[in-house]
Amino acid sequence: MTTDPTAHFSIVTGSAEPIYRQLAEQVKRRIAAGQLAPGDEMPSVRELAQALAVNPMTVSKAYSQLEAQGVLERRRGLSMVVAARAGPAPRVSDRAELLRPTLERAAIEAHQLGLSEARALALFKTILQETQPADAP
Amino acid sequence: MNQAITAPPTVAVDHLRLAYGNKPVLDNLRWQLQPGQVVGLLGRNGAGKTSLLESLLGLRDGTTGTVRLFGQPLDRLDDATRARIGYAPQHSDLFEWMTPAQLLAYFKSFYPRWNDAKVDALLDRWAIDREMPIGKLSGGEQQRLSIIRALGHEPDLLVLDEPVASLDPAGRRDFLQELVEQVIVRGTTVIFSTHILSDLERVAFHVGFLSGGRIIVQAPLDELMEGTRSLVGPQQALQQAARTRGWQVLGESPLADGRARMLARAGSDAPPSSLAGIEVSSVTLEDLFMGLTR
């Protein structure tokens, strides 16, 4: 069975986070979690644009930004691969930091809704359990 | 896309005016589209989007000003340039007694180039009965047929006026994929108007806002979202901050107690993430639409 390399990407519309940034953050999170390793190939701009029905320039912008940040590198030809990392795999604390922007948004909304800290944390815990991938350790 | 350096703008509009009686619809409008740009045109109902798109194509009487397509004045387009333009109107007056097969054969006869294979593939993909009278097709099928008709000659400029209004979400997604796969990757310049912001966000790299008869802002959507903030605070403090920091105020609405909400676009500097006494938040396309259109 072949896995479609575009299947790991998803976008939401109506968000304050531009689509190119959503894509870039997904790549960073998957690298941080060890789901993508140095040398792993990204789907081509065209493949990903078609799969998500987004403008190819948007995908291109995400890849260019990741390349500029040293996260991806362009291999001979056109394909983009995960860059060889200089140091060891990121620590848990660094990975957790990647979650901060999403949680900050959730925190602001929780305050706006007048939810207690305990109520908001309980909900997050429930969602973590509900969304746990079947093959997780 | 390298041709953008030397080729004239695909669309160049200057001093375009149109009025219905005493009511101006387009007011000294300027607009440019470069080759390969995909621009979403946004505006409220009655803002004049259809009037603008029809004026661009010479389908509207009573306009003044200049329109150039591919560098040629609109009133002197040669046949070869005309054949580079595709248009799917909002309400297509398709010939209801014809069948799709007859209609497409009829339109094919007007163009030096026609991609039969693509037209056939789209008719299959969108399950349109080639032999059913057009008047008996559903609204969504008629809209798809109108899009196929606009794509058959592989135009370099494609103008779509509310192309997905009659399509369900699955049909819209399929249309967007077709647009990306077959049209945008070819470097076609595309203008499309829609009220469905989620579709526009996916496909349009640039957005243009039509309000008060003019294109008041046109920019890459990403840059517009990243450079604009919604600010809530004392009205005077907001106006003071906007002046001293050189923000472009895109919209302002008063709230109670001398406070106001301001939509402001920062210049070259990054927009502030926090300001004393002012609530700063990032914006969605919907926020921009609400703030920029009247």
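**Helix α3(A) and the contact between chains A and B**

Right after α3(A) comes Gly70(A), with a positive phi near 80°.

Visitor: What kind of model is this, and what ipTM and pTM does the complex get?

Guide: The model is predicted. The predictor gives the complex an ipTM of 0.87 and a pTM of 0.84.

Visitor: And chain B, what pLDDT does that average?

Guide: Chain B averages 90, and 97% of the residues score at least 70.

Visitor: Back to α3(A). Why does the span of that helix agree with its number of residues?

Guide: Helix α3 of chain A covers residues 56-68, which makes 13 residues. At 1.5 Å a residue they should span 18 Å, and the end C-alpha atoms are 18 Å apart, so the two agree.

Visitor: Which residues of α3(A) are buried?

Guide: Pro56(A), Met57(A), Thr58(A), Val59(A), Lys61(A), Ala62(A), Tyr63(A) and Leu66(A).

Visitor: What do those buried residues pack against?

Guide: Within chain A, they pack against α1 (19-32), α2 (45-52), β1 (72-74) and β2 (80-82). From chain B, α6 and α8 also pack against them.

Visitor: New topic, the contact between the chains. How many residues does each chain give?

Guide: Chain B gives 21 residues and chain A gives 17 residues.

Visitor: Which elements of chain B give two or more residues to that side?

Guide: These are α6 (169-183), α7 (197-203) and α8 (221-227) of chain B. The largest share, five residues, comes from α6(B).

Visitor: How many residues on the chain B side are nonpolar, polar or charged?

Guide: On the side of chain B that touches chain A, ten are nonpolar, four polar and seven charged.

Note on methods
Residues are numbered from 1 along each chain as its sequence is written. Chains are lettered from A and ligands numbered from 1 in the order in which they are written. This is a predicted model: local features need pLDDT of at least 70, side-chain atom pairs count only at pLDDT 80 or more; totals for chains, interfaces and linings use all residues. Two residues are in contact if their C-beta atoms, placed from the backbone, lie within 7 Å. Helices (H or I, at least four residues) and strands (E, at least two) are DSSP runs, numbered from the N terminus. Ala, Val, Leu, Ile, Met, Phe, Trp, Tyr, Cys and Pro count as nonpolar, Asp, Glu, Lys and Arg as charged, and the others, Gly among them, as polar. The expected span of a helix is 1.5 Å times one less than its number of residues. A residue is buried if 20 or more other C-beta atoms lie within 10 Å of its own, exposed if 12 or fewer, and partly exposed in between; C-beta atoms are placed from the backbone. pLDDT is the predictor's confidence in each residue, from 0 to 100.
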